[in-house]
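The following paragraphs guide a new reader through the structure shown below. They proceed from a single residue to aromatic pairs and then to the nonpolar cores.

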Amino acid sequence: MRRTRTYIIYALLLIGILSCRKDEPAVEEGKVIGFSIEATPTRATFFEKEDDLKNTAKQGGNFTVNAYSSGTETAYIGNQRVRYFADDDKWRFWDNATDNVTNLYWPNSGNLDFFAYMPYREGSQSTCVTIEDYTSAGGPSFSCKLPLDNEGQEKIQEFIYAYSKDQNKNSTGSDGKKGVVQLNFLHPFSALVIKLNESYRMDIKQIKICNILNEGVYANPASTLAQGSSQPAFTCASWTPKTGAERQDLVIDVNQSVPDDINYNSPIGGPYVIMPQQLTADVFLEIIYQRDGETKTGKRYLYQATLPQWDPGKKYTYTLTMGDPLEEILFNVAVEEWSVVDYKNEIGVE
């Protein structure tokens, strides 16, 4: 009887201990929102190398994330900072007010649409990007006004973004863990690189790409995304010229002598960040150069049925040749994914 009474007392004590902890919710597996990230390093991430994306000593692993109840404009998470922590190889929410890690949790039911971007500070002047809006029909929208001069281009912190639709606490990222949102960051702009192929001895003074737009609005067609997809429709059609946008010239000041023994295919300008756009018949390339003491101007139209448009996330390398007569400009264009090797804007002949 005494032993039975002892067991009852222990049971009551245990119940009392558990009741004192009833205000601490149990965290189910996958309930805390996590992230799995893929991003081509660009000036948007501040780094040159793949590993530097997670190098917090170099301000790595910072982006802004927003989440909306799927199919609505109701915000669930607004402009929240996320940082990478090497100790446990995880991306965690960061509270700027307390300067500390914080956890955000999945809703018990329903899906979320995530919109994220780097650099993490919204509307940073140096990115030339303004976050416009989010709608359930169109997804995230942002606008840009890009500089079309050497100095302005070199100061740009490139902007990359990610969008992932219909995510929930059972979603998995590339790491296979539950409750993880897969974010694949993409570059919404185009890049131009100018190279020389075969050239006669001359002093190249200036290169212009004439009559291109530098203001545009991007509206992601969210309705075209499959459930759980993180890859938006990514073409020129997603961009429209901003109201009042004007056609301007991308001016590349070179003023360098090209020797006879030039290493052909040397870059002389770029990459330059431009807005994706359908090329029109009045977009042309102009080269001002000096030969035999005489300043000459050569011009070549970039708009042809066989030439590609400037799509987002692509790099277009135009390799130039001076034809005969000397004022004629010939070129071919190579199209590639915009890669990390294009981190810096440099003008010069190797």
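**A guided reading of the structure**

Asn-66 is buried, with a relative accessible area of 5%. The model in which this value was computed is a predicted one. Asn-66 belongs to strand 2, which covers residues 62–69. A polar atom of the Asn-66 side chain lies 2.7 Å from the backbone nitrogen of Asn-79. Apart from residues up to four places away in sequence, Asn-66 touches Ile-77, Gly-78, Asn-79, Asp-113, Phe-114, Phe-115 and Tyr-117.

The aromatic rings come next. The model holds 20 aromatic pairs. One of them joins Phe-142 and Tyr-218, whose ring centres are 4.9 Å apart; their planes meet at 20°, under the limit of 30 degrees, so the pair counts as stacked. Phe-142 is part of strand 8 (residues 139–145) and Tyr-218 is part of strand 13 (residues 215–219), so this pair ties together parts that are 76 residues apart in sequence. Both Phe-142 and Tyr-218 are buried.

Phe-189 and Trp-239 form another pair, with ring centres 5.6 Å apart and planes at 40°, so it is tilted. Phe-189 lies in the loop between strand 10 (180–185) and strand 11, while Trp-239 lies in strand 14 (residues 239–241), so parts that are 50 residues apart in sequence are tied together here. Phe-189 counts as buried at 1% relative accessibility, and Trp-239 is buried too, with a relative accessible area of 6%. Ring pairs link these four residues with Phe-115, Tyr-117, Phe-159 and Tyr-161 into a cluster. Phe-115 and Tyr-117 have already appeared among the residues that Asn-66 touches.

Charged groups also meet rings. The charged end of Arg-83 sits over the ring of Trp-94, 4.5 Å from the ring centre. Likewise, the charged end of Lys-299 sits over the ring of Phe-284, at 4.9 Å from its centre.

In soluble globular proteins, nonpolar side chains tend to be buried together. In this model, the largest nonpolar core has 28 residues, and those with the most contacts inside it are Ile-207, Ile-209, Leu-250, Leu-302, Trp-310, Tyr-318 and Leu-320. Among the elements that give two or more residues to this core are strand 12 (202–213), strand 15 (247–258) and strand 19 (314–322). A second, separate core of 24 residues includes Tyr-134, Cys-144, Tyr-163 and Ala-191.

Leu-302 gives a closer view of the largest core. Leaving aside neighbours within four places in sequence, Leu-302 is in contact with residues including Ile-209, Phe-284, Trp-310 and Tyr-318.

Conventions
Residues numbered from 1 in each chain as written. Predicted model: local features only at pLDDT ≥ 70, side-chain atom pairs only at ≥ 80, totals over all residues. Heavy atoms only, no water. Core = buried A, V, L, I, M, F, W, Y, C linked by side-chain atoms within 4.5 Å. Buried < 20%, exposed > 50% of the residue type's maximum accessible area, 1.4 Å probe, protein only. Helix = DSSP H or I, 4+ residues; strand = E, 2+ residues; numbered from the N terminus. Contact = heavy atoms within 4.5 Å. Polar contact = N/O pair within 3.5 Å; in protein donor to acceptor, adjacent residues only side chain to side chain. Phe/Tyr/Trp six-rings, centres within 6.5 Å; stacked < 30°, edge-to-face > 60°. Lys NZ or Arg CZ within 6 Å of the ring centre and 35° of its normal.
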